[in-house]
Structure formats: structure tokens, C-alpha cells
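Work through the following exercises with the sequence and the coordinates at hand. Each task is followed by a solution that goes step by step.

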Amino acid sequence: MTIAQHISLLKQRKFLIGAGVSVFCLGMSIFFGSGDLLMSAVMLLLPFLLFFAAWLVVAPQQGIYWALIMGFLSSGLARYMDAPWGLTLDILLFLSTLGWFFKQYRLKDWSAVRNDIMLLALIWMLYIILELVNPEAHSAEAWFYAMRGVGFYQLLSFVLVFTYFRKNADQDRVIRLIIWLSLLGTAWGFRQLLMGVDAAEHHWLYAENHHEEHILHGKLRVFSYYSDAGQFGASQAMVALMCGILALGPFPLRKRIWFAVAALITFLGFAISGTRGALAVPAGGILIFLIASKNFKILAAGLLVIGTAFYVLKFTFAFQGVEQVQRMRTALDPSNPSLLVRLNNQKTFGNYLSSRPMGGGIGTAGFWGARFSPNTLLAKTATDSWYVKIWAETGTVGIALHLFVLGYIMGKGASVIWRLKNQQIRYKAMAMYASIGGVLLSSYGNQVFGQMPTGMIMNVLIPFVFLSPLYEKELERTDKSI
């Protein structure tokens, strides 16, 4: 950093401090001069919020850390305090991207985001914006709420990660944060299982009508502080898979033990969620890891293990006394009533979309459709699958573009991994790549990809895979300097 940049940064900090002190004094005067305690409390918090907002603009990379934290916690917080917690991700990522733009505009350096993955994310977001003029769409407000998880968060996250997380230490900090937040989620889940839900969670289950999908045969499907049991199970399975692969890597013994313990704990979290669809995350992810490893002996052994597990679940009644195993077993039953309903719903969508190549519009299906256009066909027909949701809302054109983008990410991701020489970097890349692939496979049965926190984790891990050659070069430079 040059002297001029240091001086500029000091001036910015002095201005922020001055502004914060002024607002704080104003809040204190209101606090002591009026009886409106609520307004006084808001005013007292305002300086800290302004400081935080300014901090994000000055240090944009911090937005990723806080977006991950809120991605994990926002659904749980909403059960205890009625507030638009989901919008905190918009604010965090927008302010951080605003700071990024100011910095890059001053530096005239856009090289970090000039790559094919960013281009595809931008094209996908432009198509989502184009959906605003879809004649079938019913509400611009529905579009705003729904498009965030479909493409907006992804685009802003990609920008920030590709620009600011270009060192191994940055990647390691994010991975540790994801693991710790997941372990906290597991602990919260076991608290629900062993001690029961608290008053706020009980209200969410029964007063807000979530008990039908979370209380089955008198037993709780654990949801922790996540949006629901399905998201809890998928996210836990994703982290368990990633940690399990890292535990096999060429890392120091202490780290490998830590990864193995984290993998076991989060796998138990996945098990107590009772989520059938999330079974595709470890099953498919392991297969993807074995292919990425290009070790065909291990691949053959892995296929044998997966085949054995499939045989036990499909053709035997082993461990039938375990509730979680029972639910996983129903996922493999072709006559399962839930599966038949999903197939019929897909036929309904197919008939509707046959004359609508751009779909029904972003926000017309699923949760947002039920909220903003409840009496329409798309709102009344369950989408279940992430891909069916994208198909229903964006049509044949949209789902084709979406699948092309995801296919390109997986195809080029494998190519990147196969060219890596450093085994530690390679194992980290394979762990993330397998987790991404597992979630994409699981999203066929559930809307996993676009929900938090899994969606935010994906938005960070995808750029990490493509930054792996940069991390490898950093280690090479370090080795040469030593």
C-alpha cells in the first residue's frame, strides 16, 4: 500500500469515527431527554450499525464471513424475534460489493473477476432480470424476494471471493468457519432431540403449521436452527462429506483427527434430521470424489461399498428398527406415495410449460408463489425439486441455461483438480468439489441449492475450486523462498 493510500484510509477512518461519535451523542441525548425507550434503543444502536456498514465498505471481504454466519443463523433467529433476518444477507453482500466497486474503480483492476465462471454467473443473472418482463409473472415484489437465492447472492459472492480470497489462509479461515457453524448446528439439533424443543420452536412447529413435516409417527425430525429438517440434513451431510475427505488427505495428524471428528459429528446431525433426499449428498459426493481422485482401485472399492449400502437399504430389512434408516429406505421405494405425487406434479408442470418457454416467472412457484399469487397453478402445485422449481419459473430456456452453467462448473472443476500437483491443495479442492456435486445431486429431490446456509456455502466453495491453482502457486513460491 502506498503512502497516499495510507493517508486516504486514515482520513476515511477519522470521518467514520467522527460521524459515529456525533450520532452516538444524539442517541444519548434522546435517551435521557425523552420517554420513548424503544426509539432511544434504536438510536443507541445506530452508531454501531453505521460503523459496521462503513467497515463492510472499507473491508469488503468481511461481508463473506458475515453472510455465512447469517446464512446459518437467520432462520433460527426469526423464531425468536420477528424481523426480516433474511434481508441481512442482501445488506451484507450489497455493501461489500459496493466497497469492492469503489476500490476496483479506483485501482482500475478488474482482472480477478475476468474469468469464465464469473461470466456464466453474470449471464444467468441477466436472464433472471429478463424474467421481469415475462408476461406470465404476477409480481415484481415476488421476483425480488425469489431471485436472491436463485442468482443474486451467487453473483455477488463470486465477485467477492474471486477478488479477496486469493490466499490459502483465506480459504482455510472460511472452511473453519463453516465447520464450526455446522458443529454448533449439530449441538443445537441434539439439544432438540434429547431435551425437546423450546417455546419458540414449539410455536414454530404448531402455531405456524410445520409439525406435519417435522413430527412423524410421534418422533421429531430435527431441524436445529436451520429453515427446516431437509435443509439441516443436507447441510450437515455436505459438511460431513467435506470433512471426511479432508480427513483422508496428506495433512498433519492433528488436523486429520479434527476433520474426522467433525465428519462423524455432522454425519450424526444428518442422521437425526431424518431427511431422505439428503442421502444423495454423501452417496453421490463419494462417487464424485472417487472419480476426481482418478484412483481406479479406490474407485472400484468405493463403488463396491456404495453398491453394498444400496443393496442393504433396497433389498433387506437390516437396521429397520432405526427410524432414520426406515426413512432412508423409503427413498428407494419406487411405489412410495410421495414419489408418485412428485411425478404427477411434474406432468402438471410439463403441460403448463409446453407453451411457455420462459416459464411462469421468478417467484411464481413454491413459497413465494404461495405468498404473492396463491391461487395460481404454479403456486398450488408443489415443486419439491430445485430443478423443477427452476423449470417452472424460468421455463425450458431457463432450466437449459441453468443446467449448462452447473455442468460447465462440474466439468471444468474436474479439469482444474486433475491438473493440480500439490496433494494438500488437491485434497481440499476434491473435498469441496465432491460436496458441491453431492448437493447438486440432492437438489433433484429437494430445494437444497438455493436455501440457506447450503446456498451460501456453495457460493463460496465454487470459486475456491477454481482458485486452487492460485493457492498452489502461492505454496510453490513459499517453498522456493525457503
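On a 1 Å grid over the protein atoms alone, a cavity is a set of points where a 1.4 Å probe fits but cannot get out, whereas a pocket is an open set with protein on both sides within 12 Å along at least five of seven lines; lining residues have an atom within 4 Å of a point. Grid points are joined across faces, edges and corners, and a volume is the space filled by probe spheres set on the points. This is a predicted model, in which local features need pLDDT of at least 70 and side-chain atom pairs count only at pLDDT 80 or more, while totals for chains, interfaces and linings use all residues. Residues are numbered from 1 along each chain as its sequence is written, and side-chain values use heavy atoms, with hydrogens and water left out.

**Exercise 1. Describe the largest cavity and its lining.**

Step 1. A search of the whole structure finds one cavity of 30 Å³ or more, and about 110 Å³ of space lies in the largest cavity.

Step 2. The lining of the largest cavity consists of 15 residues, and those closest to its centre are Gly-149, Val-150, Gln-154, Phe-449 and Asn-459.

Step 3. Helices (H or I, at least four residues) and strands (E, at least two) are DSSP runs, numbered from the N terminus. The elements that give two or more residues to this lining are α6 (140–164), α18 (386–419) and α20 (454–481), and the largest share, five residues, comes from α6.

Step 4. For the classes, Ala, Val, Leu, Ile, Met, Phe, Trp, Tyr, Cys and Pro count as nonpolar, Asp, Glu, Lys and Arg as charged, and the others, Gly among them, as polar. The lining of the largest cavity then has eight nonpolar, six polar and one charged residues.

**Exercise 2. Place Asn-459 in its surroundings.**

Step 1. Asn-459 is found in helix α20.

Step 2. Residues are called buried under 20% relative accessible area, exposed over 50%, and partly exposed in between (1.4 Å probe, protein chains only). With a relative accessible area of 5%, Asn-459 is buried.

Step 3. Contact means heavy atoms within 4.5 Å. Not counting residues up to four places away in sequence, Asn-459 touches Tyr-153, Gln-154, Ser-157, Phe-158 and Val-161.

**Exercise 3. Which residues and elements line the second largest pocket?**

Step 1. The second largest pocket has a volume of about 560 Å³. Of the 15 residues that line this pocket, Leu-49, Phe-52, Trp-85, Thr-88 and Ile-91 are the closest to its centre.

Step 2. At least two lining residues each are supplied by α2 (37–58), α3 (62–80) and α4, and α2 gives the largest share, six residues.

Step 3. By class, the lining of the second largest pocket has 14 nonpolar, one polar and no charged residues.

**Exercise 4. Characterise the aromatic pair of Trp-100 and Trp-110.**

Step 1. Rings of Phe, Tyr and Trp (its six-membered ring) pair if their centres lie within 6.5 Å; planes under 30 degrees apart count as stacked, over 60 as edge-to-face and the rest as tilted. The structure holds 25 aromatic pairs.

Step 2. Trp-100 and Trp-110 form one that is edge-to-face, at 5.5 Å centre to centre and with 70° between the planes.

Step 3. Trp-100 lies in helix α4 (residues 87–107) and Trp-110 in the loop between α4 and α5 (116–130), so the pair ties together parts that are 10 residues apart in sequence.

Step 4. Trp-100 counts as buried at 10% relative accessibility, whereas Trp-110 is partly exposed, with a relative accessible area of 24%.

**Exercise 5. Where do the non-glycine residues Lys-108 and Asn-209, with positive phi, lie?**

Step 1. Phi of Lys-108 is near 60°, a positive value in a residue other than glycine, and Lys-108 is found in the loop between α4 and α5.

Step 2. Asn-209, likewise not a glycine, has a positive phi of about 60°, and its place is in the loop between α8 (199–206) and α9 (211–214).

Step 3. Lys-108 is exposed, with a relative accessible area of 56%, and Asn-209 is exposed, with a relative accessible area of 54%.
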